[in-house]
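This report concerns the association of chains in a structural model. The sequence and the coordinates are shown first.

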Protein chains: 2
Amino acid sequence: MYSAKIKVTLRKSILDPQGKAVEHSIQSLGYNNILDTRIGKYIELKINTSSDEEARIITDEVCKKLLANPVMEDYNFEVANINDK
Amino acid sequence: MYSAKIKVTLRKSILDPQGKAVEHSIQSLGYNNILDTRIGKYIELKINTSSDEEARIITDEVCKKLLANPVMEDYNFEVANINDK
């Protein structure tokens with residue numbers, strides 16, 4: 001069994017109004033030294049396979065096909081072997 | 001200047017219908033070995049400070065006060081020194 005931890009972020013060139021809104025909220029709490037706030041998605045899933053290679057391939061395919069929009073978003077992930085509990 | 005990378009995830013005991021929906025979509029693509037899909041938020045921000053300690057304290061406060069709902073969500077973060085460009 002493998003676990004995959006995936007981060008999907010907006011590309012640098014894409015404006016992030018949600019991030020801007022959160023940044024304004026943070027600043028209104030009195031933190032004036034916060035900048036460049038950007039919001040993305042974080043996805044965890046488990047893959048029932050015994051091969052590290054296969055876990056990576058499946059995670060990459062799922063990101064490309066479903067989790068990330070390749071026009072607007074970048075993704076990166078970590079895959080780790082976990083004990084079958 | 002420090003960068004903070006924050007993951008906010010639903011607590012294990014809280015049902016995640018969005019994760020379930022994504023998991024069904026993944027399975028409908030033919031990946032039958034995917035399970036325990038959970039969706040969270042990923043937030044990046046920069047902190048204009050020269051102290052590692054202060055960057056950690058600010059990030060933790062912002063998570064507690066704004067980014068995470070402590071009743072339903074857990075958070076963890078990494079803080080790293082970045083060059084002032």
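At what angle do the axes of helix 1 of chain A and helix 2 of chain B cross, and within what distance do they come?

## Helix packing across the interface

The model is predicted. Two packed helices are described by the angle between their axes and the distance between the axes. Helix 1 of chain A (residues 17-28) and helix 2 of chain B (residues 52-67) have axes that cross at roughly 110° and come within 11 Å. Because angles of 65 to 115 degrees count as roughly perpendicular, helix 1 of chain A is roughly perpendicular to helix 2 of chain B. On the side of chain A, the contact is formed by A:Val22, A:Ser25 and A:Ile26 of helix 1; on the side of chain B, by B:Val62, B:Leu66 and B:Leu67 of helix 2. These residues comprise 5 nonpolar and 1 polar, with no charged residue.

A second pairing involves helix 2 of chain A (residues 52-67) and helix 1 of chain B (residues 17-28), whose axes come within 11 Å and cross at roughly 105°. Helix 2 of chain A is thus roughly perpendicular to helix 1 of chain B. Here A:Val62, A:Leu66 and A:Leu67 of helix 2 of chain A meet B:Val22, B:Ser25 and B:Ile26 of helix 1 of chain B. The contact of helix 2 of chain A with helix 1 of chain B has 5 nonpolar residues, 1 polar residue and no charged residues.

## Relation of the two copies

Two copies of a chain are related by a rotation about an axis and a shift along it. Chain A is superposed on chain B by a rotation of 180° with 0.0 Å of shift along its axis, at an RMSD of 0.0 Å. That is the relation of a two-fold axis.

Which surface does each copy present to the other? Of the interface residues of chain A, 100% are also interface residues in chain B, so the copies meet through the same surface.

## Extent and polar contacts of the interface

The interface places 32 residues of chain A in contact with 32 residues of chain B. Between them, chain A and chain B bury about 2,900 Å², of which 65% is on carbon and sulfur atoms. In chain A, the residues that lose the most area to chain B are A:Tyr31, A:Asn33 and A:Tyr42, which together account for 21% of what that side buries.

There are 2 salt bridges across the interface of chain A and chain B. The side chains of A:Lys46 and B:Asp36 form a salt bridge, with an N to O distance of 3.0 Å.

Conventions: Residues numbered from 1 in each chain as written. Chains lettered and ligands numbered in written order. Predicted model: local features only at pLDDT ≥ 70, side-chain atom pairs only at ≥ 80, totals over all residues. Heavy atoms only, no water. Axes fitted to C-alpha atoms, helices over the stretch in contact; angles between N-to-C directions. Helix = DSSP H or I, 4+ residues; strand = E, 2+ residues; numbered from the N terminus. Parallel < 35°, antiparallel > 145°, perpendicular 65-115°, else oblique. Contact = heavy atoms within 4.5 Å. Nonpolar A, V, L, I, M, F, W, Y, C, P; charged D, E, K, R; others polar. Least-squares fit on C-alpha atoms with pLDDT ≥ 70 in both. Buried area = accessible area lost by both parts, 1.4 Å probe. Salt bridge = Lys/Arg side-chain N within 4 Å of Asp/Glu carboxyl O.
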